[in-house]
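Biologist: Could you take me closely through one part of this model, the sheets of a single chain, and show me where they sit in the wider assembly? I'd enjoy one connected account with the pairings spelled out.

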2 protein chains.
Amino acid sequence: MKSRPLILVVEDEPAIRRLICRALELNGYVAREAGGAVEALRAMRASPPDLVLLDLGLPDRDGMELLPLFREGGAAVLVLTARGESAEKVAALDSGADDYVTKPFDTDELLARVRTCLRHRQAVLGQTDRLTVGDVSIDMDMRRVSKGLEEVHLTPKEYDVLAELARHAGRLLTHAHLLRAVWGPSHQDDVEYLRVAVRALRRKLESDPAAPVLIRNEPGVGYRLVA
Amino acid sequence: MKSRPLILVVEDEPAIRRLICRALELNGYVAREAGGAVEALRAMRASPPDLVLLDLGLPDRDGMELLPLFREGGAAVLVLTARGESAEKVAALDSGADDYVTKPFDTDELLARVRTCLRHRQAVLGQTDRLTVGDVSIDMDMRRVSKGLEEVHLTPKEYDVLAELARHAGRLLTHAHLLRAVWGPSHQDDVEYLRVAVRALRRKLESDPAAPVLIRNEPGVGYRLVA
DNA sequence: ACCCGTTTTTACGGTTTCTTTATGCGGGCG
DNA sequence: CGCCCGCATAAAGAAACCGTAAAAACGGGT
């Protein structure tokens with residue numbers, strides 16, 4: 001997921017569609033529109049969204065048929081429809097929808113549910129593309145790291161190590177794991193590489209490199225980025 | 001998560017509470033009840049649930065205060081309350097609630113949302129096997145162990161022994177078994193290693209290391225982690 | 001061909017962890 | 001009663017590991 005999540009709004013009523021998209025854009029999302037099933041599929045293929053807001057009552061196709069497709073594409077799905085039947089909700093949720101909101105809806109609530117859906121999806125995919133620990137923030141998408149306000153320059157290897165640690169923030173990664181991920185399987189025993197890289201990272205990111213709090217060491221096992 | 005997910009229903013109105021629990025039990029869940037905040041916390045500690053159905057309007061404490069606690073305990077939270085204010089919903093969802101349903105609710109829809117919450121939770125936790133015995137909890141995935149609130153540092157061997165014991169919690173593991181698992185087949189007779197490691201573990205994890213309750217000794221056979 | 005930033009090696013002192021040995025306690029048994 | 005065995009505890013020497021520094025090799029761009 002990019003720093004600005006991509007949301008696809010599938011809704012046949014243009015007025016409502018625009019309304020939703022405006023609200024999304026105002027809240028920092030990138031919104032794409034689709035008025036029907038075929039259009040939605042095309043948009044899906046063109047650039048896979050992070051979340052789909054799906055109206056079930058489409059003119060050309062039943063939205064329920066699209067649901068599995070979005071799911072397979074890795075998107076979260078929030079069904080947003082006028083159909084209030086309990087059976088419909090159950091069917092949609094059990095088909096993999098992440099939430100179900102009936103029209104008319106409250107915009108603030110919808111946005112909160114959108115956030116919740118994205119949170120769930122993010123957890124599922126396990127990729128936090130922006131991570132902030134203390135005063136350092138890591139933007140995976142931009143491949144940028146900053147401490148406080150200034151940006152910090154990292155060499156490729158340094159960045160790769162940090163990224164791997166950040167992808168599993170809080171978890172203890174073994175030397176072998178990190179080495180495999182960054183240097184490839186053939187170097188999974190060259191712990192010295194790791195030491196040099198970690199030292200460089202600490203020097204650049206830690207407030208007190210002598211007493212590291214960000215990248216911790218578990219003697220004999222590996223390193224861990226605090227969560 | 002067990003084969004039958006454990007759900008804690010926090011709701012002060014006995015009639016509604018029973019109704020919900022009955023519905024849950026009929027659908028293959030194990031339901032626990034709590035009429036207030038303190039009761040909920042006790043139930044939480046006794047056996048951490050997979051999901052909490054939380055009514056915000058409790059007599060003794062605002063449900064919103066409990067929400068973070070449940071989240072930290074690894075439970076999914078479905079807020080089920082009479083408060084229909086949009087701001088309330090936004091606050092709850094942004095505090096980590098996985099869904100928000102207002103009373104009166106439809107039972108089938110609630111059950112579908114329960115399923116969705118559990119699905120999300122399972123995805124989030126992935127295969128994070130976490131074991132809690134008394135006040136010590138072992139997170140295999142993170143390779144972390146904590147007693148009470150503080151984290152406890154374990155050396156590699158200490159952790160390996162504990163992990164092996166935890167993997168077969170409640171079962172009696174022979175000296176040879178543990179030694180093979182941790183030190184390798186060539187040291188399966190060096191019981192001294194084991195004693196030193198167990199002692200270190202007890203010192204760090206037991207409330208009274210002189211009277212161990214967590215790691216028990218079966219004279220002449222091996223050790224056992226209580227379940 | 002040369003320069004500069006990056007990566008790979010190598011070396012060393014200090015610390016953590018592991019192994020090994022020693023001692024004391026208590027229960028079962030002759 | 002005294003001996004032996006299994007266990008807990010303590011402590012010390014050995015080994016493994018870490019952080020640090022710096023030199024050597026590398027590689028892309030000018």
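Modeller: Chain A of this predicted model holds 8 helices and 12 strands. Of its 227 residues, 32% count as buried. Among the contacts in chain A with a separation of 6 or more, 54% link residues that are 24 or more positions apart.

For the close look, let's move to chain B and follow its strands along the sequence. Strand β4(B), residues 76-81, pairs with strand β5(B), residues 99-102, in the parallel sense, and the pair has 4 bridges. One place to find this pairing on your screen is B:Thr81, which stands opposite B:Thr102 of β5(B). Between these two strands the chain passes through α4(B), giving a β-α-β crossover that is right-handed. Please keep α4(B) in mind, as we'll meet this helix again at the contact with chain A.

Next comes an open sheet of 4 strands in chain B, ordered β6-β7-β8-β9 and paired antiparallel. Its edges are β6(B), residues 130-133, and β9(B), residues 150-152; each has a single partner strand, so one side of each has no neighbour in the sheet. From one strand to the next, the twist averages 25 degrees.

We can now walk through this sheet pair by pair. β6(B) and β7(B) are antiparallel and share 4 bridges, with B:Thr132 having B:Ser137 as its bridge partner in β7(B). The hairpin that these two strands make has 2 residues between the strands, and B:Gly134 there takes a positive phi near 60 degrees. On the next pair, β7(B), residues 136-139, and β8(B), residues 144-147, run antiparallel and are joined by 4 bridges. Here B:Val136 stands opposite B:Lys147 of β8(B), while B:Ser137 faces B:Ser146 in β8(B). B:Ser137 therefore has a bridge partner on either hand, since strands of a sheet are linked by pairing: B:Thr132 in one direction and B:Ser146 in the other. The turn from β7(B) to β8(B) is also a hairpin, this time with 4 residues between the strands, and B:Arg143 in that turn has a positive phi of about 60 degrees. Which residues of β7(B) lie on its covered face, and which on its uncovered one? The covered face carries B:Val136 and B:Ile138, and the uncovered face carries B:Ser137 and B:Asp139.

Further along chain B there is another open sheet, made of 3 strands in the order β10-β12-β11 with antiparallel pairing. β10(B), residues 172-174, and β11(B), residues 215-218, stand at the edges, and because each has a single partner strand, one side of each is left without a neighbour in the sheet. Ignoring direction, neighbouring strands here are turned by 30 degrees against each other on average. β11(B) pairs antiparallel with β12(B), residues 222-225, over 4 bridges. Within that pair, B:Asn217 has B:Tyr223 of β12(B) as its bridge partner. Helix α6(B) packs on this sheet, where it touches β10, β11 and β12 of chain B, and its direction makes about 70 degrees with that of β12(B).

Two names from this last sheet come back at the DNA. B:Asn217 is among the residues that come nearest to DNA strand D, together with A:Arg195, A:Asn217, A:Gly220 and B:Arg195, out of 22 residues around that strand. The elements giving two or more residues to this surface are α8 of chain A and α8 of chain B. By class, the surface near DNA strand D has 12 nonpolar, 4 polar and 6 charged residues.

The sheet-packing helix α6(B), in turn, serves the surface near DNA strand C: α6 and α8 of chain A and α6 and α8 of chain B each supply at least two residues there. In total, 19 residues surround DNA strand C, and the closest are A:Thr155, A:Pro156, A:Lys157, B:Thr155 and B:Lys157. This surface has 8 nonpolar, 3 polar and 8 charged residues.

Finally, let's see how the two protein chains meet. Their contact takes 21 residues from chain B and 22 residues from chain A. On the side of chain B that touches chain A, the elements giving two or more residues are α4(B), residues 86-94, and α5(B), residues 107-125. α5(B) gives the most, with 9 residues. That side of chain B divides into 7 nonpolar, 3 polar and 11 charged residues. So α4(B), the helix of the right-handed crossover, is also one of the elements at the contact with chain A.

Methods
Residues numbered from 1 in each chain as written. Chains lettered and ligands numbered in written order. Predicted model: local features only at pLDDT ≥ 70, side-chain atom pairs only at ≥ 80, totals over all residues. Contact = placed C-beta atoms within 7 Å. Nonpolar A, V, L, I, M, F, W, Y, C, P; charged D, E, K, R; others polar. Near = placed C-beta within 6 Å. Pairing = 2+ DSSP bridges. Right-handed = clockwise from strand over helix to strand, strands pointing away. Buried ≥ 20, exposed ≤ 12 C-beta atoms within 10 Å, placed from the backbone. Axes fitted to C-alpha atoms, helices over the stretch in contact; angles between N-to-C directions.
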